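Visitor: I'd like to know how the labels people put on a model like this are earned. Can you walk me through them?

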Amino acid sequence: MTTSTRSTMLAPEVEAWLAHGLVEAVPPFRVERITGGYSMLTSRVIDTAGRTWVLRQPPRGQAGGGAHDPARESRTMSALGETDVPVPRVRMTGTAEDPLGVPCHVTDFVDGLVVTGAAQAEQAFDAATLRTATTNLTTALAALHAVDPEAVGLGDLGPKENYNGRQIRRWRSILASIAETAGPEVTQHLASLRVLGDDLARRLPADTAGRLVHGDYRLGNTITGPDGSIRAILDWELVTRGEPLADLGSLLVFWDAPAEAMLGTPPPTTAPGSLRPDEVVDTYVAATGASVDDLPLYRSLASWRLACLCLRTAVRFRTGAMGDDTDSGTFLRTTDLWAERAAEELR
């Protein structure tokens, strides 16, 4: 992530609302947008004494629910604050009725690095430190999966059973919506993804674990210390109850993904010193004692979901929903790359 150089001053009623919740703050505040994500907007909030907090909110017009639900994020991080899972401390949670006018939350600022690419990882860490960071990333995931949702007040975060069925149903619905608006250029892509979805539906087990699943767990969604510690796990938009191997499978498909599948940016876990994927699995098993016999199915599920996501993005470009069709071909290629990976895991 990078911080915009443009500062925004706040309306007096928003200033007063923040000052009431952040009792140690010295208003007025300025706000600097942190770039790097669009489903949720993230900004630094800085007071005149230089103290910093982080504000998260959905884009205007997308005021909550689905992947734009800061209240869900806030609730989850607050519940995990007393566990071994590293999360930012939640200071405030706002609703659309509060002065900002949208659901939001404010957390303490956690100093550290958000490492999203291999070149950045090589610049930030030597090989030994990156090995430490990727080991800690894996054990932090194990710590999350060890949390009993009922014990921390998150028992109603989602159904305890049938995470796999819910995922298949959701992405099949997305493919169906694509078919309603897409042209003939995506017909073959749709057909192959439907076949993969049918195969996964037949082969994925009936899951009943009901643990906490982050939904988008990777190094780029954490704040890492220069010593390789994981200081905070970020981006809890997709958190629910489900099957822990789904998180592990998703982590692994990002781990060594080809640069083209990542829109030209090799993931940070391909840099020298990082654990290998098999070492990630060994580290996770040592921490949890989990059986990973079905892990290839969950790697396939993660790859299939990414293929579906890329196809939806390609169609949005083709139809002008993204402003132009410049990148539609890129996303069609990444659709094929992720679909091939999904198929390979099922062989």
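Guide: Let's start with handedness: a crossing is left-handed if the near helix is turned anticlockwise from the far one by less than a right angle, and right-handed if clockwise. By that rule, α6 passes α10 in a left-handed crossing. Bear in mind that this is a predicted model, where local features need pLDDT of at least 70, side-chain atom pairs count only at pLDDT 80 or more, and totals for chains, interfaces and linings use all residues. Residues are numbered from 1 along each chain as its sequence is written, and side-chain values use heavy atoms, with hydrogens and water left out.

Visitor: Why are α6 and α10 called roughly parallel?

Guide: Helix α6 (residues 187-203) and helix α10 (residues 328-346) pack at an angle of about 30°, and their axes are 11 Å apart. Axes are lines fitted to C-alpha atoms, for helices over the stretch in contact, and angles run from 0 to 180 degrees between N-to-C directions. Angles under 35 degrees count as roughly parallel, over 145 as roughly antiparallel, 65 to 115 as roughly perpendicular and the rest as oblique. So α6 and α10 come out roughly parallel. The helices themselves are DSSP runs (H or I, at least four residues), as are strands (E, at least two), numbered from the N terminus.

Visitor: What makes α4 and α8 oblique?

Guide: Helix α4 (residues 127-146) packs against helix α8 (residues 277-288) at about 40°, with axes 9 Å apart. That angle falls in none of the named ranges, so the pair is oblique. Their crossing is right-handed.

Visitor: Which residues make that contact?

Guide: Contact means heavy atoms within 4.5 Å. On α4 the residues are Arg131, Thr135, Thr138, Thr139, Leu141, Ala142 and His145, and on α8 they are Glu279, Val280, Thr283, Tyr284, Ala287 and Thr288. By class there are five nonpolar, six polar and two charged residues. Here Ala, Val, Leu, Ile, Met, Phe, Trp, Tyr, Cys and Pro count as nonpolar, Asp, Glu, Lys and Arg as charged, and the others, Gly among them, as polar.

Visitor: And what about α5 and α9: why are they called roughly parallel?

Guide: Helix α5 (residues 163-181) and helix α9 (residues 295-318) pack at about 25°, with their axes 10 Å apart. That is under 35 degrees, so they count as roughly parallel. The crossing of α5 and α9 is left-handed. Among the residues in contact are Trp171 of α5 and Trp304 of α9. The contact of α5 with α9 divides into 13 nonpolar, three polar and three charged residues.

Visitor: What makes a space in here a cavity?

Guide: On a 1 Å grid over the protein atoms alone, a cavity is a set of points where a 1.4 Å probe fits but cannot get out, and lining residues have an atom within 4 Å of a point. The structure holds one cavity of 30 Å³ or more, and the volume of the largest is about 30 Å³. Its lining is Leu10, Val14, Trp17, Leu18, Val31, Leu55 and Leu100. Helix α1 (residues 12-21) supplies the largest share, three residues.

Visitor: How do you know which class that lining belongs to?

Guide: Set the residues against the class list: seven are nonpolar, with no polar and no charged ones.

Visitor: Where is the cis peptide bond?

Guide: A cis peptide bond joins Pro27 and Pro28, with omega about 5°. Pro28 sits in the loop between α1 and β2 (30-35).

Technical notes: 1 Å grid on protein atoms, 1.4 Å probe; cavity = no way out; pocket = protein on both sides within 12 Å on 5 of 7 lines; lining within 4 Å. Points joined across faces, edges and corners; volume = space filled by probe spheres on them.
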